Amino acid sequence: MIRSMIVSLENISLSFDNKTFILSDVSAKIDEGGRVGLIGPNGAGKTTLLGVLCGEIEADSGAVSRANSKSIGILRQDGGLCGDGSIQSEMERVFAHLFETENNMRRMEREIAATPPDDPRYTALEGRYHALQVAFEAGEGYQIGVKIATVLNGMGFGEVDRATPVSVLSGGERTRLAICKLLLERPDLLILDEPTNHLDFKTLLWLEDYLAGYRGALLIVSHDRYFLDRLTAIIWELDQSELTAYTGNYTAYLRQKEEREETQRKIYQADLREIAEMKDFVARNMARASTTARAKSRQKALEKLESTLEKPKPAPKPPIIRFQKSRDPVSDLLLIEDLSLSVGEGESAKQLVTGLNLEVKRGEKLALIGDNGVGKTSLLKALIGKLPHGGRIEWGRNCDICYFNQGEDGFDERKTALDELWDDYPREYEQTVRAVLGRVGLSRENAFKPICVLSGGERARLKFAKLMLSRGNVLILDEPTNHLDLGSKESIDKALAEYDGSLLVVSHDRYLLNKFPDKILEMYPDGLRIYIGKYDQYLAQKQAESLTEPPPEKRPEKKTEPGTGGYRTKKQRSEEVAHKQKIQALETKITALEAEISALEQELSDPETAADYLLVQEKCETLDIRRQELSACLEEWSGLESV
């Protein structure tokens with residue numbers, strides 16, 4: 001099937017101060033239904049490229065073509081939200097044209113009811129009303145409430161009062177609300193710049209499922225490699241002002257890029273060998289009368305080849321990270337029994353988890369996941385003795401525990417990176433310390449920078465340098481890939497997969513969770529549920545659970561040990577039965593209302609009915625009431641379905 005173009009770039013160039021190129025001779029296009037992922041180092045110009053695509057930034061040269069009939073929507077800072085609006089009013093602004101159409105329909109219904117059938121205006125009014133009705137139905141006007149509820153619930157606003165002013169929302173909440181608004185607008189090309197920030201697993205999975213079925217084209221800028229793998233079919237890599245397109249998702253891009261770089265190296269080496277042979281031929285034959293002509297010809301070919309020879313650009317070197325341990329601990333590494341955790345004191349105290357039990361053997365690699373606020377970081381702090389707890393935590397002998405904290409790093413901001421590392425490991429030679437810093441990308445002048453000027457990624461790499469020198473046999477890592485670019489994330493993937501010590505890692509990076517763990521531990525307020533395998537296996541097991549789980553009313557009552565999950569109580573099962581029955585009753589009522597509305601609309605279009613203007617007035621009033629009832633039922637049904 002031939003797909004029409006939405007936007008294209010031809011030989012686009014853009015420079016800063018007419019010297020430094022941000023974009024150099026960039027050509028690319030996005031067709032209907034395209035699925036494009038845009039990646040590149042921080043500062044490479046990705047945001048600038050998006051601005052050129054949308055017409056917000058004018059290029060120095062080249063051409064940008066946009067289809068007039070196609071709409072482009074982009075996730076902006078605050079998303080163009082109205083500061084004095086509420087959550088509900090912001091969502092309804094998307095459908096302002098349909099609300100206007102509906103108001104015109106109501107007005108015209110009253111006008112028709114007040115106009116006698118023999119009035120010359122009656123037929124014209126009917127025609128205009130029918131046109132409005134067709135437009136309203138084509139725009140799915142009767143589904144506005146359901147659409148808004150579905151998107152808000154999916155993006156984590158299900159429990160938030162929709163009358164809440166946008167102005168009181170946090171930055172992360174405003175970003176999520178901006179995504180909601182874009183999804184409701186349904187542009188032909190949806191551009192999302194880092195949409196996975198501020199999203200928990202549940203919301204992220206919902207957004208992925210929604211975008212996987214999105215009818216328009218997608219252009220996604222993201223550091224979430226799993227997100228890119230699932231949703232993209234083309235990867236645009238912007239690096240050193242040049243754009244290179246790769247067919248396939250992120251994993252395919254990695255393979256193709258390696259193959260491309262290897263091919264370029266081989267071609268370059270072959271050209272160097274040919275140049276050397278040509279130079280040798282010219283040197284040996286230029287002085288001979290019999291071969292001078294051939295030598296001169298070869299000389300011209302040599303000059304042409306040398307003028308076109310281009311050395312492959314060196315790829316940015318990702319950090320070289322390797323974790324090693326100095327000794328082995330005992331086999332029974334960790335025992336946790338009936339652990340309880342809470343935060344705060346007095347009336348502000350909050351219970352996070354109770355009845356948590358876990359046994360860890362030497363060499364196991366565990367990933368810890370769970371909803372935001374469930375207590376994952378608190379658990380890690382309890383394990384290293386930095387947070388009071390109830391129950392028992394017992395580490396085996398010879399455990400050398402090293403902790404990577406995603407928050408405060410404890411650095412002395414006045415120190416240099418070299419001094420910070422050397423002061424922690426004073427027995428190491430300076431050459432060793434500087435070599436480790438060099439491996440994580442803090443070499444030469446970067447080693448002597450004050451820590452206060454380091455970026456988030458550089459500070460994270462400095463923490464990894466400390467872990468490398470620690471030689472611990474138990475690594476406890478809290479969100480280790482935050483603030484890292486894609487190359488650094490790949491290095492962490494490899495380092496954790498190759499590490500032969502024990503790991504406990506909290507992470508939202510699903511690509512990473514598909515690389516290293518033997519088990520995934522999902523944390524709940526009542527304990528842990530353990531899943532064997534990596535993230536994809538975890539998802540498969542969760543899906544199998546949802547398919548094989550018996551209905552709540554048929555579940556046997558069973559008492560279970562704390563922290564093991566178990567079945568619901570009799571009261572909970574009774575509430576679930578009532579909840580399901582309420583949904584079924586609403587669905588029956590919705591079906592009946594839809595049928596009655598359809599019948600009323602058919603009757604109003606019947607000439608015999610139209611001849612009785614009193615009957616028309618009565619039918620229009622009934623139709624208005626039934627539509628309001630349907631809207632209320634759909635709203636209630638959507639809310640119950642999301643629980």
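Two strands count as paired here if DSSP finds at least two bridges between them, and helices (H or I, at least four residues) and strands (E, at least two) are simply DSSP runs, numbered from the N terminus. The model is a predicted one, with pLDDT of at least 70 needed for local features and pLDDT 80 or more for side-chain atom pairs, while totals for chains, interfaces and linings use all residues. Residue numbers start from 1 along each chain as its sequence is written, and side-chain values use heavy atoms, leaving out hydrogens and water.

With that settled, one open sheet has six strands in the order β14-β15-β16-β12-β17-β18, and its pairing is mixed. At the edges sit β14 (401–404) and β18 (527–532), each pairing on one side only. From one strand to the next, the twist averages 20°; axes are lines fitted to C-alpha atoms (for helices, over the stretch in contact), and angles run from 0 to 180 degrees between N-to-C directions. Inside this sheet, β12 (residues 365–370) and β16 (residues 502–506) pair in the parallel sense over four bridges, and A367 stands opposite V505 in β16. Helix α17 (residues 535–548) packs on the sheet, touching β12, β17 (519–524) and β18, where contact means heavy atoms within 4.5 Å. The direction of α17 makes about 110° with that of β18.

There is also an open sheet of six strands in the order β5-β6-β7-β3-β8-β9, again with mixed pairing. Its edge strands are β5 (72–74) and β9 (242–247), each paired on one side only. Here the twist averages 15° from one strand to the next. Strands β6 (residues 189–193) and β7 (residues 217–221) run parallel, joined by five bridges, and L192 stands opposite I220 in β7.

Now for the rings. Those of Phe, Tyr and Trp (its six-membered ring) pair if their centres lie within 6.5 Å, with planes under 30 degrees apart called stacked, over 60 edge-to-face and the rest tilted. By this rule there are twelve aromatic pairs. The Y250 and Y253 rings have centres 5.5 Å apart and planes at 40°, so this pair is tilted. Y250 and Y253 are three residues apart in helix α9 (residues 250–285), so about one helical turn separates them. Both Y250 and Y253 are buried, that is, under 20% relative accessible area (exposed is over 50%, partly exposed in between; 1.4 Å probe, protein chains only). F323 and F464 make another tilted pair, at 6.4 Å centre to centre and 45° between the planes. This one links distant parts of the chain: F323 is in the loop between α10 (292–308) and β10 (332–343), and F464 is in helix α14 (residues 456–470), 141 residues apart. F323 and F464 are both buried. Ring pairs also link F201, Y226, Y531, Y535 and Y538 into a cluster.

As for nonpolar cores, each is a set of buried Ala, Val, Leu, Ile, Met, Phe, Trp, Tyr and Cys residues joined through side-chain atoms within 4.5 Å. The largest has 104 residues, and L177, L211, F323, L437 and L496 have the most contacts inside it. Leaving aside neighbours within four places in sequence, L437 is in contact with A417, L418, L421, L442, S443, A447, L462 and A465. Another core, of 26 residues, lies apart from it and includes V374, L380, L521 and M523.
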